[in-house]
Every structure is written in structure tokens, then in C-alpha cells.
Amino acid sequence: MSEIKNKDKTTRRDFLTTVTATVGAVGVGAGVLPVISQMNPDSSVKALASIEVDLSKVKEGQEITVLWRGKPVFIKRRTKEEIQKAQQANLKDLKDPQEDKLRVKKGKDEWLVVLGVCTHLGCVPIAGKGDYNGWFCPCHGSHYDTSGRIRKGPAPTNLEIPQYEFVSNDKIKIG
Amino acid sequence: MNDQTSKTSKEHFEPVHTNKVGGSPFTGVTGWIDNRLPIIRMFRHEYLDFQVPKSLSYFWSFGGILTICLLLLIVTGISLGMHYKPDANQAFDSVEKIMRDVNFGWLIRYAHMNLASFFFIAVYLHIFRGLYYGSYKEPRELMWLLGIIIFFLMMATAFLGYTLPWGQMSYWGATVITNLFSAVPVVGKFIVTWLWGDYSVGDAALNRFYVLHWLIAFLIVGVVVFHVIALHIVGSNNPSGIEPKDTRDTVSFSPFTTSKDLLAMLVFLLIFVAVMMYAPNYLGHPDNYIPANPLVTPAHIVPEWYFLPFYAILRSIPDKLMGVVAMVSSIAVLGLLPWLDFSKVRSSVFRPIWKQCVFLFVLDFFVLMYIGGAPAEGIYLVIGRIGTAFWFAFFFILAPLVSIIEKPLPMPASIHEFEDWKKQGKIKTIKLFNK
């Protein structure tokens with residue numbers, strides 16, 4: 001009879017169940033976190049975050065590719081015609097509208113620095129190809145213009161601009 | 001007296017059996033083992049005395065063929081693992097070392113490479129068998145679902161294995177496939193970085209791909225065990241789609257099915273050996289003999305042939321996220337088939353309309369395979385979109401619609417009657433190898 005009465009009350013067993021479950025959950029969480037986290041980029045990878053690039057030898061119309069964080073970065077010294085084309089594009093025609101001046105450093109319209117990674121599935125686009133004379137991705141057919149903006153194809157966004165700054169007139173630091 | 005009986009019945013306790021030693025039909029050492037670990041009687045029960053429908057065709061040999069392929073993949077894989085180095089600077093060279101220096105390394109690697117392709121050939125025929133003869137229908141739904149899980153795992157492990165030689169196709173295939181996860185809204189970018197352990201595919205990714213390639217291979221073994229256990233509970237389907245009723249309908253698994261399966265395995269392996277010996281690289285891509293270069297994407301990047309139909313579906317959708325969703329669901333949708341097709345008749349032999357639908361589906365599979373290997377532009381893109389639309393229409397429109405409108409042909413009452421009808425030429429079945 002006393003068993004039935006005890007049902008309504010908090011018993012030692014209830015207490016132990018709650019405490020065991022709580023400690024167990026915290027333990028599992030604490031155990032899983034390092035196992036998940038170990039897969040993220042480690043300290044040595046993060047330490048290689050920035051590089052400096054000398055631009056003095058790049059001629060007008062020329063493009064160089066440098067490797068940054070394992071990915072290619074396109075640095076293009078654009079011709080006047082290419083800059084003009086990029087600036088005159090109608091924003092309404094763009095899939096990911098962005099003005100050309102927001103994609104270069106102020107007063108450095110010549111220099112376009114973009115990640116050479118197609119925003120679709122990560123292939124490296126080919127320079128000077130495609131319908132807009134910027135880049136063309138051979139994997140799934142995305143066309144980028146001379147500002148690295150997506151114009152046609154499956155890629156959802158413009159070529160990404162990495163974080164960079166001019167440390168001198170012809171030297172940039174990426175990252 | 002009465003008093004006593006009531007007292008004893010009150011104190012009556014049910015006996016417990018915590019110890020199940022005994023009951024073996026065997027004697028001696030076999031009996032001693034079997035009494036303690038009943039695998040011997042289980043083996044006899046499931047593989048020697050086991051009754052299967054007598055109408056099974058060679059289409060039912062692919063389960064056994066797949067088991068042999070899986071075993072050979074594991075044996076060759078373990079051998080390769082003893083020489084391969086999962087390091088971005090050493091992987092390509094270690095594979096070349098296997099090809100040139102390791103004793104029989106060329107043979108073991110070519111066998112592993114081509115077995116992967118033949119595993120897919122066999123699995124596609126196995127899935128076709130299931131589609132055509134309605135093997136996914138009640139009560140085999142769970143077995144079918146386990147099969148789809150195996151198929152997903154196969155694709156994962158095949159992809160991971162293909163990245164290991166660290167050639168151009170390995171590298172860019174890995175880049176494209178891992179980037180599929182970047183389509184996930186909000187957290188996509190973090191997932192990809194987490195998968196890579198870096199900001200691009202590199203050494204960290206290769207190392208974990210190697211580990212996961214092994215892990216998933218053994219996960220497949222585990223799910224296959226469930227798949228086979230389920231098979232032994234629900235029993236094999238057969239070309240008639242009718243369940244066996246008495247001994248006139250069945251034969252013993254051994255020696256009848258075993259000898260038939262052995263012949264089929266032999267023929268299959270002979271074809272495999274012929275391809276492996278005379279055209280070992282036919283099913284691969286020459287660009288994968290160029291070491292991985294993160295600065296240059298091959299001009300024409302294609303996955304392995306067995307991924308092409310699904311790759312075509314991915315490319316036929318112009319939106320990144322929807323493309324990925326469509327690709328994954330094009331396979332997952334197979335899992336809904338037991339419920340989308342609710343016709344009571346299993347076998348296409350008696351389903352004149354559904355039979356045509358299945359053949360069209362097979363045609364669609366090959367069309368999409370061709371499109372997946374062609375450039376994503378112009379007419380190819382149009383055909384790819386039609387093919388993708390048909391793929392989903394097959395499941396969501398044709399399957400339920402045909403279930404309703406189709407009038408099945410007259411059916412025999414049993415499997416032995418089915419066999420009689422076949423002899424009399426009343427019905428036609430698909431013949432594979434036999435007269």
C-alpha cells in the first residue's frame with residue numbers, strides 16, 4: 001500500500017534518475033565536442049592566413065594567380081576598356097547586383113582582386129573566356145564579367161573578394 | 001489436501017532459462033560448438049535447408065555476385081592500404097609506387113579500381129531486378145530501404161576512394177562534391193570548412209577521406225548483414241511475384257541456388273577479369289594520372305561513370321541549392337516506391353503498362369548518363385531537363401497512376417503453375433543467359 005502512495009512523491013529513485021541523466025548528458029556533450037572540433041582547421045592552418053604580393057611586374061591587361069589558403073587568387077590589372085565595361089553594366093541585368101566600385105579599392109580601379117573559386121561548386125574559372133570576357137567556369141558553365149560578377153550560369157553569387165589592402169603603391173597584403 | 005494445493009499453486013514459480021546450452025542436432029566437436037554458439041545450425045537452416053522459389057532466374061544471382069565483389073574489394077583494399085600514404089605530398093607517388101614497385105601492386109590496384117565499377121554494374125542490375133519484379137512491395141519494403149542505404153553508402157565510399165590517388169580528377173571531384181554542402185543555407189560554409197579541416201581541399205581532407213573510405217566500407221558490410229537477415233525473414237521474390245505455397249513451388253537453396261549462383265559469379269568475374277586485364281583504365285579518366293593541382297581545373301570535369309545520371313540531374317537545375325536537393329532526392333525517392341506504387345501485382349510480367357514505364361525509366365537512366373558526361377550547354381541541357389523531369393514523374397505520377405488505371409493480365413495461382421504457363425508459351429519473361 002505504501003508503494004502506491006509513494007508514486008506521487010519525489011523519491012530517491014527519481015532524484016537519482018534526474019541526476020544521472022543530467023551528468024550523463026553533460027558528459028556526452030563534453031565528449032562529443034572535441035571529436036567534432038578536431039575536424040576544423042587547426043592552428044598551423046590558421047597561422048598561414050596572410051601573404052604579400054608584389055604587383056610591380058604586372059602589365060596592363062595581365063592577370064596573375066597566387067595561392068592563398070590553398071585557393072587561387074586572381075589579381076587582374078584591368079585595361080581601361082575592361083574597367084569601363086564593368087562600370088557600365090546595368091545593375092538590373094545582374095544576378096547578384098553589386099557596383100564595380102564596391103569591388104575594388106578606391107582609386108585603384110585598375111586592380112581587381114578576387115578569389116579564383118567559382119561560387120557554384122568550387123572549380124577554378126578560366127580567364128578571358130565566356131560571354132562577358134571575364135572568366136568562365138568549365139565545370140558547370142558559369143560566366144563572370146570583368147568585375148568578377150556572375151552573369152550567366154548556375155553560380156549564385158559573384159566571385160568573392162578576399163580581405164586585402166595596399167601596403168604600398170605596388171604591393172598588396174591578402175588576408 | 002485442497003488447502004495444500006492452493007498453497008503450492010500460490011508458491012508456484014515460472015522456470016527461467018538464462019542458460020540455453022543444448023538442442024543441437026549435431027554431435028562431437030561440431031555439436032559441442034553448436035550447443036554453445038548456434039552458428040552451425042543457423043548456417044544449415046539458412047543456407048542448406050532454406051527453401052527458395054523454383055522460378056528464380058539469373059537476375060537473382062546479383063545478390064551473391066555483389067557479396068563476392070564486396071569481399072574482393074575488402075581484400076584488395078586491405079592490400080593497397082599496406083602501401084598507400086594518405087598525405088597530399090606522397091599520395092600520388094605512393095600509388096605510382098604500388099603500380100611499379102610493389103609485387104603484383106598493378107594487379108591489386110587495377111582489381112580494386114575495376115571492382116568498384118563492376119560493383120555498380122551489379123548493383124544497377126540488382127536494382128533493376130527489384131523494380132521490374134516488384135521486389136520492393138510488401139513485405140519486402142524494409143529490405144528495399146536497407147538496399148537504398150547501402151547504395152548511398154556505396155556512393156560515398158566510391159567517391160572517397162576516387163579522391164585517394166590525388167590526381168587532377170581526384171582533387172577536383174573532391175572539391176566539387178564537398179562544395180555540394182555549401183548549398184546548405186546559413187551554415188553551409190562552416191560545414192565545408194569543417195569537412196576540409198582547411199580553407200580548401202588539401203592534406204587534412206585527404207587524410208580523413210582515407211579514414212572514412214575504410215569506415216564506410218565496413219558500414220556497408222554491416223548494413224548488408226541486415227539486408228540479408230531481412231531477406232531470410234521475408235524470403236526471395238521471384239519472376240512470378242507470387243509467394244511460394246507448397247513444395248511444388250520451391251527448391252532447396254543448396255545445391256540448386258548455390259550452383260546456379262556460382263556459375264553466374266564465374267561468368268561475371270570472367271567479364272570483370274577481361275576488362276581489368278585488357279582495358280584497365282577504360283572506365284577511369286586519363287586526367288587522374290596528372291598530379292592534383294589546386295590552380296588548374298581540368299577543362300572537362302566529369303565524375304566516374306556510375307555517378308553520371310545523378311550528376312546530370314544536379315546540373316540540369318539552374319539553382320545551386322535546388323540542384324543538390326534534386327540530386328539527393330533522385331535516389332532517396334526510390335525509398336518511397338513501395339508506397340507510391342500500390343498495385344497488388346508485383347511482377348511486371350503481369351503488368352503491361354508498368355512494364356513499359358520501367359523500360360522507359362531504364363532508358364532515362366542511360367540518357368541521363370550520357371548527358372552527365374556531355375558539356376552542360378545547349379541541347380544537352382534541354383535533354384537533361386527532360387530526363388530529370390521524367391525521372392521524378394516516374395515515381396510521383398506514373399507509379400500511382402498506373403497502379404490505378406492498369407488492368408493486370410490473368411495470373412497463375414501458384415509458382416509451379418507459372419512455370420507450366422512459361423513452358424506453354426503463355427507468358428514471356430526476361431531471359432538472362434539461359435535458353
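In this predicted model, strands E2 and E3 of chain A form a hairpin, with 2 residues between them. One residue of that turn, Arg69(A), has a positive phi of about 50 degrees. The two arms of the hairpin run antiparallel and are joined over 6 bridges, with E3(A) spanning residues 71–77. Looking at one spot along this pairing, Ile64(A) has Ile75(A) of E3(A) as its bridge partner, so to speak an isoleucine facing an isoleucine across the ladder.

The hairpin belongs to an open sheet of 3 strands in chain A, laid out in the order E2-E3-E4 and paired antiparallel. E2(A), residues 63–68, and E4(A), residues 111–115, sit at the edges; each has a single partner strand, so one side of each is left without a neighbour in the sheet. Going from one strand to the next, the twist averages 20 degrees. As a general point, strands of a sheet pair through backbone hydrogen bonds, either parallel or antiparallel.

Now to the place where the two chains meet. Here 27 residues of chain B are in contact with 26 residues of chain A. The size of an interface is often given as the accessible area lost when the parts come together. Between chain B and chain A that buried area comes to about 2,300 Å², with carbon and sulfur atoms giving 63% of it. On the chain B side, a good share traces back to Trp194(B), Tyr199(B) and Lys320(B): this trio supplies 31% of the area that chain B buries against chain A, more than any other three residues.

What about charged and polar pairings? The count between the chains is 1 salt bridge. Glu160(A) and Lys189(B) make a salt bridge through their side chains, at 3.8 Å from N to O. Polar contacts across the interface of chain B and chain A add up to 10 residue pairs, both residues being at pLDDT 80 or more.

As for which elements of chain B do the touching, three helices each give two or more residues to the side that meets chain A: H8 (168–179), H9 (188–196) and H12 (308–316). Of the elements of chain B, H8(B) gives the most to this side, with 5 residues. Sorted by class, the side of chain B that touches chain A has 15 nonpolar, 7 polar and 5 charged residues.

Technical notes
Residues numbered from 1 in each chain as written. Chains lettered and ligands numbered in written order. Predicted model: local features only at pLDDT ≥ 70, side-chain atom pairs only at ≥ 80, totals over all residues. Heavy atoms only, no water. Contact = heavy atoms within 4.5 Å. Buried area = accessible area lost by both parts, 1.4 Å probe. Salt bridge = Lys/Arg side-chain N within 4 Å of Asp/Glu carboxyl O. Polar contact = N/O pair within 3.5 Å; in protein donor to acceptor, adjacent residues only side chain to side chain. Helix = DSSP H or I, 4+ residues; strand = E, 2+ residues; numbered from the N terminus. Nonpolar A, V, L, I, M, F, W, Y, C, P; charged D, E, K, R; others polar. Pairing = 2+ DSSP bridges. Axes fitted to C-alpha atoms, helices over the stretch in contact; angles between N-to-C directions.
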